[in-house]
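Welcome to this short tour. Please open your viewer and keep the selection panel at hand.

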Amino acid sequence: MIYKKVEEILNVQVQKEDYSSQLYLAMASWAENQGYSGVAEWLYAQAEEERMHMLKIVRYMNERDGVAVIPGLEQPPKEFGSLSEMFDAVLKHEQYISKSINEIVAVCIEEKDYTTHNWVQWFVEEQIEEEASVKDIIDKLNLVGDNNLYMFDRDILGMRGGANPSA
Ligand code: OFO
């Protein structure tokens with residue numbers, strides 16, 4: 001069984017993971033149209049990872065006899081300014097997701113749901129890695145500057161850290 005409050009907050013997280021996937025897909029498509037094919041590949045893969053995160057929560061809820069609510073699609077923005085503005089937005093979004101994972105941890109403790117508390121640690125770890133990998137990208141982007149975006153775009157594929165989403 002799953003506690004009501006835990007079920008509610010997990011459904012909120014399902015929505016957020018789904019939106020993350022849509023957001024990164026929109027960014028991937030934008031980057032591809034700007035000619036940044038390396039960045040686009042990174043973002044397409046990221047969009048897939050976010051979808052795996054959403055599925056991971058849905059399947060956990062079903063396993064625990066909860067009811068997962070599958071959200072409708074929310075329209076993400078179409079324009080992202082520059083590469084550096086876009087990656088700043090990715091970092092801000094991941095920080096927001098980390099905060100919401102922490103809120104799940106807090107509800108688990110409040111409800112004494114130590115099973116879900118244990119399960120959600122995977123997401124806690126994942127957020128540490130995701131924030132770190134986006135920060136690395138931003139550092140690299142600052143280092144190469146606007147004149148060498150071609151090199152940056154070529155190198156970004158080698159910078160995909162992150163945990164295996166299907167783990
Ligand atoms: Fe970007 O992370 Fe999902 O959880």
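Which residues of the largest nonpolar core touch the most other members? Keep that in mind while you get your bearings; this is a predicted model, and the tour starts with the whole chain.

**Stop 1: the whole chain**

Show the protein as a cartoon and colour it by secondary structure. You should find 5 helices and 0 strands, in the order α-α-α-α-α from the N terminus on. The radius of gyration is 17 Å, close to the 15 Å that the globule rule gives for 167 residues, so the protein is as compact as a globular protein of that length. Along the principal axes, its C-alpha trace spans about 55 × 30 × 25 Å.

Now switch on the surface. Its accessible area comes to about 9000 Å², and carbon and sulfur atoms account for 51% of that. Of the 167 residues, 49% are buried. Among contacts with a separation of 6 or more, 80% join residues 24 or more positions apart.

**Stop 2: the largest nonpolar core**

Back to the opening question: select Met27, Val39, Leu43, Leu83, Met86, Phe87 and Phe152, which touch the most other members of this 28-residue core. The elements that each give two or more residues to the core are α1 (4–33), α2 (37–63), α3 (83–110), α4 (114–144) and α5 (149–155). The largest share, 8 residues, comes from α1.

Centre the view on Val39 next. Beyond its neighbours within four places in sequence, valine 39 is in contact with Ala31, Leu83, Met86, Phe87, Phe152, Asp153 and Ile156. A separate core lies apart from the largest one; it has 21 residues, including Val14, Met54, Ile57 and Val105.

**Stop 3: two residues of α1**

Select alanine 28, which sits in helix α1. Is alanine 28 buried or exposed? Alanine 28 counts as buried because its relative accessibility is 0%, and the cut-off for buried is under 20%. Not counting residues up to four places away in sequence, alanine 28 touches Ala40, Leu43 and Tyr44.

Draw a C-alpha to C-alpha distance from alanine 28 to serine 100: the two are 72 residues apart in sequence and 24 Å apart in space. Then use serine 100 as your signpost to glutamine 13, another residue found in helix α1. Leaving aside neighbours within four places in sequence, glutamine 13 is in contact with Ser100, and also with Ile57, Ile97, Ile101 and Ile104. Glutamine 13 is buried too, with a relative accessible area of 2%.

While you are looking along a helix, here is a handy reminder: an α-helix has 3.6 residues a turn, so residues three or four places apart point the same way.

**Stop 4: α3 and α4, end to end**

Select α3 and follow its 28 residues. From the first C-alpha to the last, α3 reaches 41 Å, close to the 40 Å expected at 1.5 Å a residue. Just after α3, pause at lysine 112, which takes a positive phi of about 55°.

Move on to α4. How far apart are the end C-alpha atoms of α4? They are 46 Å apart, which agrees with the 45 Å that its 31 residues should span at 1.5 Å a residue. Zoom in on valine 120, where α4 bends by about 30°. The last selection is glycine 145, just after α4, with a positive phi of about 70°.

Definitions and conventions: Residues numbered from 1 in each chain as written. Predicted model: local features only at pLDDT ≥ 70, side-chain atom pairs only at ≥ 80, totals over all residues. Heavy atoms only, no water. Core = buried A, V, L, I, M, F, W, Y, C linked by side-chain atoms within 4.5 Å. Buried < 20%, exposed > 50% of the residue type's maximum accessible area, 1.4 Å probe, protein only. Helix = DSSP H or I, 4+ residues; strand = E, 2+ residues; numbered from the N terminus. Contact = heavy atoms within 4.5 Å. Expected span 1.5 Å × (residues − 1). Bend = angle between axes of the 7 residues up to and from the residue. Rg over C-alpha atoms; globule rule 2.2 N^0.38 Å. Areas by Shrake-Rupley, 256 points an atom, 1.4 Å probe, with all protein chains shown as cover.
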